[in-house]
Amino acid sequence: NKSIIYADSTIYVSNSSIDKDNWRTRSSNDFDDVGAYYDEDEDKFHLYYEKGNKSEFSGHSIGHAVSENGLNDWKIYPEVWNGSKTQYGVGDFNVIEIEDKIVIFGDYNKKHPKYKVAVWSNDNPYTDFERSDSFAMRPRNSEGEYSDNYGVGDPDILKTDNNEYIMFANGHSNSSDKSILQLYKGEI
């Protein structure tokens, strides 16, 4: 029973338990800020990663690579989204499947640290993904009861037993402060 973690540009593997001392570095690669998706129909791993010229902290495109085992021998495919004309950076992806669609959540920013969490989706893991006009989450500014103006980035999405989704995300008020952990609950 193998467990795999994709973190930044490193792949960690545990062949037994998920305890902290059982993980080992399996490989490092040139993929930054990745999100992984396992396609049961194809029996392949898809890696979506930050690609292209950096805009401060993020690339301008979503790259795509595929592997039979999820650890190595990655075959590079054409990028699935190119935002170089928007001047926005993207990265730190989390990939889930919702109703036969592959959904990518990730940072979307013009300037660090005022990230938003954008959403891209497609029913085909190899072709261009469409970015939603709505954001999953964005800085709160002075709306409602919140006024901290923290950016929202590095999302991780979990589905609950009640068909709700929980998003954990980093929050930054400026580029020199420490980040905080933010928690959001919602429906997709």
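Strands 8, 9, 10 and 11 make up an open, antiparallel sheet in the order 8-9-10-11. Strands here are DSSP runs (E, at least two residues), numbered from the N terminus, and two of them pair if DSSP finds at least two bridges between them. Strand 8 (89–98) and strand 11 (130–131) each have a single partner strand, so one side of each is left without a neighbour in the sheet. Within the pair of strand 8 and strand 9, G91 stands opposite D107 of strand 9.

The model is predicted: local features need pLDDT of at least 70, side-chain atom pairs count only at pLDDT 80 or more, and totals for chains, interfaces and linings use all residues. Residues are numbered from 1 along each chain as its sequence is written, and side-chain values use heavy atoms, with hydrogens and water left out.

N122 belongs to strand 10 (residues 116–122). N122 is buried, at a relative accessible area of 8% (buried means under 20%, with a 1.4 Å probe and protein chains only). Its side chain reaches the backbone nitrogen of N124 at 3.0 Å. Leaving out residues up to four places away in sequence, N122 touches K101, I102, T127, D128 and F129, contact meaning heavy atoms within 4.5 Å.

Another open sheet has four strands in the order 4-5-6-7, with antiparallel pairing. Its edge strands are strand 4 (32–39) and strand 7 (75–82), each paired on one side only. In strand 5, F45 is the bridge partner of Y38.

The bridge counts of two antiparallel pairs are as follows.

| Strand pair | Residues of the second strand | Bridges |
|---|---|---|
| strand 4 and strand 5 | 44–51 | six bridges |
| strand 8 and strand 9 | 101–109 | eight bridges |

Definitions and conventions. Buried means under 20% relative accessible area, exposed over 50%, partly exposed in between (1.4 Å probe, protein chains only). A polar contact is a pair of N or O atoms within 3.5 Å; within protein, one must be able to donate a hydrogen and the other to accept it, and residues adjacent in sequence count only if both atoms are side-chain atoms.
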